[in-house]
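Here's a quick briefing to read with the structure open beside you. Have a look at the fold first, then come back for the details.

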Amino acid sequence: GLMTAVSALRENRLRALGLRLFGISCLAIMTVLIKLASEAGVQLPEIMFWRQGLAVPVVLAWVLAGPGLASLQTRRFGAHVTRSVLGLTSMALNFGAIILLPLAEQTTLGFAVPIFATILAALILKEAVGRHRWMAVVAGFVGVLVVVQPGGSHIPPMGALVGLSSAVMISFTSLQIRDMGRTEAAPTTVFWFSALSVLPLSLLLPFFITSHDLREWLLLSGIGVLGGIGQIGLTGALRLAPVSTVLGMDYVALIWSTLFGWLIWSHVPGPATWIGASII
């Protein structure tokens, strides 16, 4: 019995790692599409609208295939509203960083999320954070400084600021999702986030919408669908294994963003980015 339990755990870990890898890769490609859409003249609020709007049917299909529509009932509607406000703020900052920064640098600053999450967990949740984790936090910040090189850097200061603010907001959001996870199933949280975001974004849409050619529509559809699928993959991975197990897969994002940054924008991150990323 114990052996089967151990092998089931191992299988779950492998499935979780696979799902995380799949989710991260979807989101890495989505990031490339966001940058391309922005360069094609699509404005940030419109990109966010399609990202959320087109994710709704994807997530609905997932809910129907799995727990069924009844699972979307929630007793914690207020928590979902809060989650959507935090999530939309995170998304605006995250997409802003994608638009303002080279891909590899934007991805690297995103790795600062666990650093901020540790600090926030200590401050807000009063979690006990041992000496080793505090030392890791300090090392992480050194890494961030190496990448950003305040004062004399190739990274636009505004981009660096938006990128780091994005990491802080995503940490807040992830603490809140973790709290909601105690009562809410993953599909429920993802569904309400997408659905509730569509309303405020559709109010903004008339001010920012432009006409699109086929290529732009394909980019926007890709952003929504990949965003939805990627989010499902990440959320699913967390149900199979603890965060610490699957988080290592996130560094694959740096490989993707470096590859695409080089292929599409012929941007090769300088030594500072590599050193900083390794430290983080």
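Helix α5 is largely enclosed by the rest of the structure, because seven of its eight residues are buried. Keep in mind that this is a predicted model, so treat the values below as computed from it.

**Inside α5**
- The buried residues of this helix are Leu103, Ala104, Glu105, Gln106, Thr107, Thr108 and Leu109.
- Helix α5, covering 103–110, is also one of the elements that the buried residues of α12 pack against.

**The overall fold**
- What is the chain built from? It has 13 helices and zero strands, so the pattern along the sequence is simply α-α-α-α-α-α-α-α-α-α-α-α-α.
- The chain is as compact as a globular protein of its length, because its radius of gyration of 19 Å is close to the 19 Å that the globule rule gives for 280 residues.
- Along its principal axes, the C-alpha trace spans about 55 × 50 × 35 Å.
- Of the 280 residues, 47% count as buried.
- If you look at contacts with a separation of 6 or more, 88% of them involve residues 24 or more positions apart.

**Surface and charge**
- About 13,700 Å² of the chain is exposed, and carbon and sulfur atoms supply 72% of that area.
- The chain carries 16 positive and 10 negative charges, and the mean positions of the two sets are 13 Å apart.

**Helix α12 and what it packs against**
- Does the length of α12 add up, or what span should you expect for it? Its 14 residues (252–265) should span 20 Å at 1.5 Å a residue, and the end C-alpha atoms are 19 Å apart, which agrees.- The buried residues in α12 are Ala253, Leu254, Ser257, Thr258, Phe260 and Gly261.
- Besides α5, the buried residues of α12 pack against α1 (2–39) and α13 (271–279).

**Ser266, just past α12**
- Ser266 sits in the loop between α12 and α13.
- What is its phi? Ser266 takes a positive phi of about 40° although it is not a glycine.
- For background, most residues other than glycine have a negative phi.
- Is Ser266 buried or exposed? Ser266 counts as exposed, with 61% relative accessibility.

**Two leucines in α1**
- Leu36 is in helix α1, and so is Leu9.
- Leu36 is buried, because its relative accessible area is 15% and the cut-off for buried is under 20%.
- Leu9 counts as exposed at 56% relative accessibility, the cut-off for exposed being over 50%.
- Which residues does Leu36 touch, leaving out those up to four places away in sequence? Its contacts are Arg215, Leu219, Ile264 and Trp265.
- Leu36 and Leu219 are 183 residues apart in sequence, yet their C-alpha atoms are 7.6 Å apart in space.
- Leu9 has a distant sequence partner too: Ala241 is 232 residues away along the chain, with 8.5 Å between the two C-alpha atoms.

Conventions:
Residues numbered from 1 in each chain as written. Predicted model: local features only at pLDDT ≥ 70, side-chain atom pairs only at ≥ 80, totals over all residues. Heavy atoms only, no water. Helix = DSSP H or I, 4+ residues; strand = E, 2+ residues; numbered from the N terminus. Rg over C-alpha atoms; globule rule 2.2 N^0.38 Å. Buried < 20%, exposed > 50% of the residue type's maximum accessible area, 1.4 Å probe, protein only. Contact = heavy atoms within 4.5 Å. Areas by Shrake-Rupley, 256 points an atom, 1.4 Å probe, with all protein chains shown as cover. Lys, Arg positive; Asp, Glu negative; His and termini not counted. Charge placed at Lys NZ, Arg CZ, Asp CG, Glu CD. Expected span 1.5 Å × (residues − 1).
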